[in-house]
Amino acid sequence: MAELSLFQRLDHVQQQLKQLVNKHEALKQENKALANQNTELKGQIVGLRSQIADFQNQDKITKIVSNTTVEKEESTALKHKLNEYIKEIDKCIAHLSE
């Protein structure tokens, strides 16, 4: 009877070990998925910070243009031209980022 009990205990320990190994593998996969998600989110943060900086620069340029003492027609043309330059610069930055 002692041997049967020993085999039962051994079988029970083996089952527990298999469960632990399976749980360990599942947690490793979850950790890997979370690490990938973290990397993606960090990339998004970098992109958003870049966009914020671009918007801040555009806002500064708009304020500078608005504060210049030129006639309204010249001011509108200057704003339009600056906006075109900003868009072109943004395209160049995006192209260089790729």
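Student: A residue counts as buried under 20% relative accessible area, as exposed over 50%, and as partly exposed in between (1.4 Å probe, protein chains only). Which class fits L82?

Tutor: L82 counts as partly exposed, at 22% relative accessibility. This is a predicted model, in which local features need pLDDT of at least 70 and side-chain atom pairs count only at pLDDT 80 or more, while totals for chains, interfaces and linings use all residues. Residues are numbered from 1 along each chain as its sequence is written, and side-chain values use heavy atoms, leaving out hydrogens and water.

Student: How many helices and strands are there in the protein chain?

Tutor: The protein chain has 2 helices and 0 strands. Both terms refer to DSSP runs numbered from the N terminus: H or I over at least four residues for helices, E over at least two for strands. Helix α1 covers residues 2-67, and helix α2 covers residues 72-97.

Student: Where is L82, and how far is its C-alpha from that of Q58?

Tutor: L82 belongs to helix α2. Its C-alpha atom is 9.0 Å from that of Q58, although 24 residues separate the two along the chain.

Student: What about D54 and D90, in sequence and in space?

Tutor: D54 and D90 are 36 residues apart in sequence, and their C-alpha atoms are 8.1 Å apart. D54 lies in helix α1 and is partly exposed, with a relative accessible area of 23%.

Student: What share of the protein chain is buried?

Tutor: Of its 98 residues, 3% count as buried. The chain exposes about 9200 Å², with 58% supplied by carbon and sulfur atoms; this area comes from the Shrake-Rupley method with a 1.4 Å probe.

Student: New topic: which side chains meet in a salt bridge?

Tutor: Those of E25 and K28 do, at 3.6 Å from N to O. The rule asks for a side-chain nitrogen of Lys or Arg within 4 Å of a carboxyl oxygen of Asp or Glu, and the count comes to 1.

Student: Why can such side chains pair?

Tutor: Side chains of opposite charge can pair when their charged atoms come close. E25 and K28 are 3 residues apart in helix α1, so about one helical turn separates them. E25 is partly exposed at 36% relative accessibility, and K28 is partly exposed at 44%.
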